[in-house]
Amino acid sequence: MQPNDSRKTPLTFDTIEAGSGLAAALKKSRADIIGEVSASNLKGRGGAGFPTGTKWNLAAAARVREGGSKYVVCNADEGEPGTFKDRVLLADYADLVFEGMTIAARAIGATKGLLYLRGEYVYLRPHLESVLARRRKAGELGADILGTAGFTFDIEIRMGAGAYVCGEETALIESLEGHRGEPRNRPPFPVNTGFMGRPTVVNNVETLASVAAILSKGAAWFRGVGTEKSAGFKLFSVSGDCDAPGVYEFPLGITIAELLDRVGGGNAKAVQIGGASGQCLPASAFGRRIAFEDVATGGSIIVFGPGRDMLHVAKNFMEFFVEESCGQCTPCRAGNAKLLEGIEKLERGECSSTYLAELLALSETMQLASKCGLGQSSPNAFVSIVTHFQDEILGRTAAAGAR
Ligand SMILES: Cc1cc2nc3c(=O)[nH]c(=O)nc-3n(C[C@H](O)[C@H](O)[C@H](O)COP(=O)(O)O)c2cc1C
Ligand code: SF4
C-alpha cells in the first residue's frame, strides 16, 4: 500500500515549469552550468552539505579511462531514521529529479545515470519507469537530447540492498557494482574513482531536484532564500510527538522553535535533528538555527515530548547502530556495542560519573577513528543526550544508590 501524501506545506517545486531547467541548461556551456550551480551556493541535501558546484567541477575535470563513461548517481536510499522527504519527491516530482540528473550529466560529461532506490520504495518503481519511458519518448533522454548533438544520456533504476550503510556514497557504489555494501577508503573520491572505477557524481534526490529549480529560476533567486551560508529552501520530514507530523518545506535558517511552532510541537522536551546520526537538543537550544553553519540536517526532525525517557531514546539509536555497523573497522564495530553496554549499565543505575566520562572518551575516539560517516556520527545522539540530560540520566544512579 502506498503511504498517504504527507506534505504539510506547498512546495516551491510546484512553481517550477517542467522542462524549463533542462532547456536553460542546454543553452549554456558546461562551465556555465556548473558556474550557475556554484553561484546558487547549493549544498548537498543528503546530510553532509558538500557544495554541489564544487563536486561537479571536480567530476568535470576528472579524466576518464579509455572506453569508459562518467556516471551520475542519484542517492535515493533514504535510510536515515526519520527521513521520508525524498519519497515525496520521487512520487510527485520525479521529472524534476531526472531533469537534475540530466543537467548534472551535461555538466560533467556523463552518458549514464543510475538511481539507487531504497528497497522499501519498490512500489514507486513502476511510476518511475513510466516517467523515464515518457522522457525517452520526448527526447529528454537518449541520443542527442532535445536536439543537442552529441549529448547522450540515459537513466537506469537499481534497487537498494536494504542496509543503512548503503546510503553512504562509496558503499552505495560497491552495492551498485554487485558487491556487499561496504564503504571504501577515501581518497580516492568517487568524483575521480567511482562506479566501475570511473568519475562519478553522487547526489541526493532533493539536491538534484533543486538543481533543476536553480537552472530554471537562476542562482540569485535560490540565494534569495535561506542564510548567507545555507542558501535556499529545504524539505524536512517531521515525526514524533507533535500534532502534525509530515513533510514540510522551510527556508534554511529557520529556528528550531519556529519549526516546532509550525508542526504543533511547542511543548517538546527535546528534538533530534539529523536523524539517528544527528544531535539531540533540549528546549534551551530551541533558539538555534537549522542551517549548515549551526545545526545541520539532511531533513530528519524527530520531536520528543515531555514524557520521554531520554536514556531510552539514546538506547534506541544505539541499538540501530549496533545492527547497522558493517563491521569493517574496530572503532565502529566494537565502539557501538560498548556504548550500548554503557547505556544498559546507566539504565540499571550502575554507572558512575567516571564511567560516563570513559564512554564520552570512547565516543570521541569513534568520531575520529571510524572509517566512514556511520561510525564517525553514531555516538552523536548519545553524546548530546548525556551532555544535555545528564541530571536525568545520573539521577538513575542516585536513585538506585538510595534504594
Ligand atoms: C551511513 C550513511 C548513510 C547515508 N545515507 C544517505 C542516504 O540515504 N541518502 C543520501 O542522499 N545521502 C546519504 N548519505 C550521504 C552520502 O554519503 C552522500 O554524502 C550524499 O549522497 C551526497 O549527496 P549530496 O551532496 O547531494 O548531499 C549517507 C551517509 C552515511 C555516512
Ligand atoms: S565506520 Fe562502521 S559502517 Fe563505516 S566502515 Fe567502519 S564499521 Fe563499517
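In this predicted model, helix α11, which covers residues 310–324, packs with helix α15, residues 380–388, at an angle of about 170°, and the axes of the two helices are 9 Å apart. Angles over 145 degrees count as roughly antiparallel, and α11 and α15 are therefore roughly antiparallel to each other. On the side of α11, the residues that make this contact are M310, V313, A314, F317 and M318, while α15 brings A381, F382 and I385. Sorted by class, the contact of α11 with α15 holds 8 nonpolar residues, with no polar and no charged residues.

A second pair of helices can be read in the same manner. Helix α5, made of residues 94–108, and helix α8, made of residues 205–217, have axes that come within 7 Å and cross at roughly 75°. An angle from 65 to 115 degrees counts as roughly perpendicular, so that α5 and α8 are roughly perpendicular to each other. Here L96, V97, E99, G100, M101, I103 and A104 in α5 meet V205, L208, A209, V211, A212 and L215 in α8. The residues of this contact of α5 with α8 divide into 11 nonpolar, 1 polar and 1 charged.

We now turn to the ligand. Around ligand 1 there are 18 residues, and those that come nearest are G46, N75, N203, N204 and T207. Three of these residues can be followed down to single atoms of their side chains. For N203, a polar side-chain atom lies 2.9 Å from an oxygen atom of ligand 1. In the case of N204, an N or O atom in the side chain is 2.8 Å from an oxygen atom of ligand 1, and for T207 the corresponding distance, again from a side-chain N or O atom to an oxygen atom of ligand 1, is 2.7 Å. On its own, ligand 1 has 620 Å² of accessible area, and the protein covers 89% of this area.

Which elements give two or more residues to the shell around ligand 1? They are the strand β4, residues 200–204, and the helix α14, residues 373–377; of the elements, β4 gives the most, with 3 residues. When the residues of the shell around ligand 1 are divided by class, 3 are nonpolar, 9 are polar and 6 are charged.

The last stop is the backbone in the loops, beginning with the loop that leads to β4. Between α7, which spans residues 169–176, and β4 there is a loop in which P187 lies, and P188 is found in that loop between α7 and β4 as well. A cis peptide bond, with omega at about 0°, joins R186 and P187, and a cis peptide bond also joins P187 and P188, where omega is again about 0°. Another loop, the one between α6 (125–137) and β3 (154–159), is the place of D144. Although D144 is not a glycine, this residue has a positive phi of about 45°.

Technical notes: Residues are numbered from 1 along each chain as its sequence is written. Chains are lettered from A and ligands numbered from 1 in the order in which they are written. This is a predicted model: local features need pLDDT of at least 70, side-chain atom pairs count only at pLDDT 80 or more; totals for chains, interfaces and linings use all residues. Side-chain values use heavy atoms; hydrogens and water are left out. A residue is near a molecule or strand if one of its heavy atoms lies within 4 Å of it. A polar contact is a pair of N or O atoms within 3.5 Å; within protein, one must be able to donate a hydrogen and the other to accept it, and residues adjacent in sequence count only if both atoms are side-chain atoms. Accessible areas come from the Shrake-Rupley method with a 1.4 Å probe; for residues, only the protein chains shown count as cover. Helices (H or I, at least four residues) and strands (E, at least two) are DSSP runs, numbered from the N terminus. Ala, Val, Leu, Ile, Met, Phe, Trp, Tyr, Cys and Pro count as nonpolar, Asp, Glu, Lys and Arg as charged, and the others, Gly among them, as polar. Axes are lines fitted to C-alpha atoms, for helices over the stretch in contact, and angles run from 0 to 180 degrees between N-to-C directions. Angles under 35 degrees count as roughly parallel, over 145 as roughly antiparallel, 65 to 115 as roughly perpendicular and the rest as oblique. Contact means heavy atoms within 4.5 Å.
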